[in-house]
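Here is my note on the model you sent round. Please read it with the structure open beside you.

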Amino acid sequence: MPSTASRETRQAIPDTPLVLSGRWQVDPQASHARFIAGTLAGVVKTPGRFRSLSGNLVVDQAYAAGVLMIDSSSIDTGNRIRDRHLRSRDFFHVERHPQLRYEVRSIFSQDPGRARIDGELIVADTRTPLPLDVTLHTPTDGLVELACHTEVDRVALGIRGARGMVPRAVDLEVAIALRKASA
């Protein structure tokens, strides 16, 4: 399993959500990363998802560090030809950039069922700050679900293919199930 983000990225975190304290592993079967991108100059909306993701999170009163890794070759829009094009150098260039990463820098509470995660999204070696407002749900002991919806600028992230055909804004929906890691 990949290691937690380096110690240099850890920052003090005020008002850490107690429900997140501890060491966690992403449950890939219970988690997802989906997107909706416009095509044909934004007229048609194309949904997709990434089939393979993993990661971990460590949170205590002094810091938070973690990483969500997405296998860029696992992109799936339901169209093999489109998916092959998205894997090409026109878009994700998966041979050169096999992962999309989100590195957690800090987490703090907004209210009991919500938190703010500050981190960076790394796509095609381009780092972009991406704060996320997430909802927290604890269906059972040892399981925490985080969910968020956001929009990213694909061109700012280094995904430049199909200029004029695909709008810059892409909607992302991420739901992560975290399972308490054994000590």
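The points below go from the overall fold to single side chains.

1. **Status and make-up.** This is a predicted model. The chain has 1 helix and 12 strands. Read from the N terminus, the order of elements is β-β-β-β-β-β-α-β-β-β-β-β-β.

2. **Burial and surface.** The chain has 183 residues, and 45% of them are buried. The exposed area is about 10,000 Å². Carbon and sulfur atoms supply 52% of that area.

3. **Contact range.** Take the contacts between residues at least 6 apart in sequence. Of these, 57% join residues at least 24 apart. Several of the pairs below can be read against that background.

4. **The nonpolar core.** The largest nonpolar core holds 42 residues. Leu20, Phe92 and Ile107 touch the most other members. Strand S12 gives the most to this core, with 5 residues.

5. **Phenylalanine 92 and its surroundings.** What does phenylalanine 92 touch, leaving aside its neighbours within four places in sequence? The contacts are Phe50, Ile75, Leu86, Arg87, His97, Leu100, Val123 and Ile159. One of them, Phe50, returns in the aromatic pairs.

6. **First aromatic pair.** The whole structure has 2 aromatic pairs. In one, the ring centres of phenylalanine 35 and phenylalanine 50 lie 5.7 Å apart. Their planes meet at 50°, so this pair is tilted. Phenylalanine 35 sits in strand S2 and phenylalanine 50 in strand S3 (residues 44-50), 15 residues apart. Phenylalanine 35 and phenylalanine 50 are both buried.

7. **Second aromatic pair.** Phenylalanine 50 also pairs with phenylalanine 92. Here the centres are 5.9 Å apart and the planes are at 85°, an edge-to-face arrangement. Phenylalanine 50 is in strand S3, whereas phenylalanine 92 is in the loop between helix H1 (80-87) and S7, so the pair ties together parts 42 residues apart in sequence. Phenylalanine 92 is buried, like phenylalanine 50. Phe35, Phe50 and Phe92 form one aromatic cluster.

8. **Salt bridges: a link to strand S12.** The structure holds 12 salt bridges. One of them joins the side chains of arginine 179 and aspartate 27, at 2.7 Å from N to O. Arginine 179 belongs to strand S12 (residues 169-180), and aspartate 27 to the loop between strand S1 (22-26) and strand S2 (32-39), so this bridge ties together parts 152 residues apart in sequence. Is each partner buried or exposed? Arginine 179 has 38% relative accessibility and counts as partly exposed. Aspartate 27 is buried, at 13%.

9. **Salt bridges: glutamate 103.** Arginine 105 and glutamate 103 form a salt bridge, with the closest N and O atoms 3.1 Å apart. Arginine 105 and glutamate 103 are both buried. Glutamate 103 also meets arginine 127 in a salt bridge, at 3.3 Å from N to O. That second pair links distant parts of the chain: arginine 127 is in strand S9 (residues 126-129) and glutamate 103 in strand S7 (residues 99-111), 24 residues apart.

10. **Exposure around glutamate 103, and the network.** Why does arginine 127 count as partly exposed? Because its relative accessibility is 46%, and partly exposed covers the range between under 20% and over 50%. Glutamate 103 has a relative accessible area of 9% and is buried. Salt bridges with shared partners join Arg101, Glu103, Arg105, Glu120 and Arg127 into one network.

11. **Arginine 114.** Arginine 114 lies in strand S8 (residues 114-123). Its relative accessible area is 28%, so arginine 114 is partly exposed. Leaving aside neighbours within four places in sequence, arginine 114 contacts Ser109, Asp133, Val134, Thr135 and Leu136. Alanine 147 is 33 residues from arginine 114 along the chain, and their C-alpha atoms are separated by 9.5 Å.

Methods
Residues are numbered from 1 along each chain as its sequence is written. This is a predicted model: local features need pLDDT of at least 70, side-chain atom pairs count only at pLDDT 80 or more; totals for chains, interfaces and linings use all residues. Side-chain values use heavy atoms; hydrogens and water are left out. A salt bridge is a side-chain nitrogen of Lys or Arg within 4 Å of a carboxyl oxygen of Asp or Glu. Helices (H or I, at least four residues) and strands (E, at least two) are DSSP runs, numbered from the N terminus. Buried means under 20% relative accessible area, exposed over 50%, partly exposed in between (1.4 Å probe, protein chains only). Rings of Phe, Tyr and Trp (its six-membered ring) pair if their centres lie within 6.5 Å; planes under 30 degrees apart count as stacked, over 60 as edge-to-face and the rest as tilted. Contact means heavy atoms within 4.5 Å. Accessible areas come from the Shrake-Rupley method with a 1.4 Å probe; for residues, only the protein chains shown count as cover. A nonpolar core is a set of buried Ala, Val, Leu, Ile, Met, Phe, Trp, Tyr and Cys residues joined through side-chain atoms within 4.5 Å.
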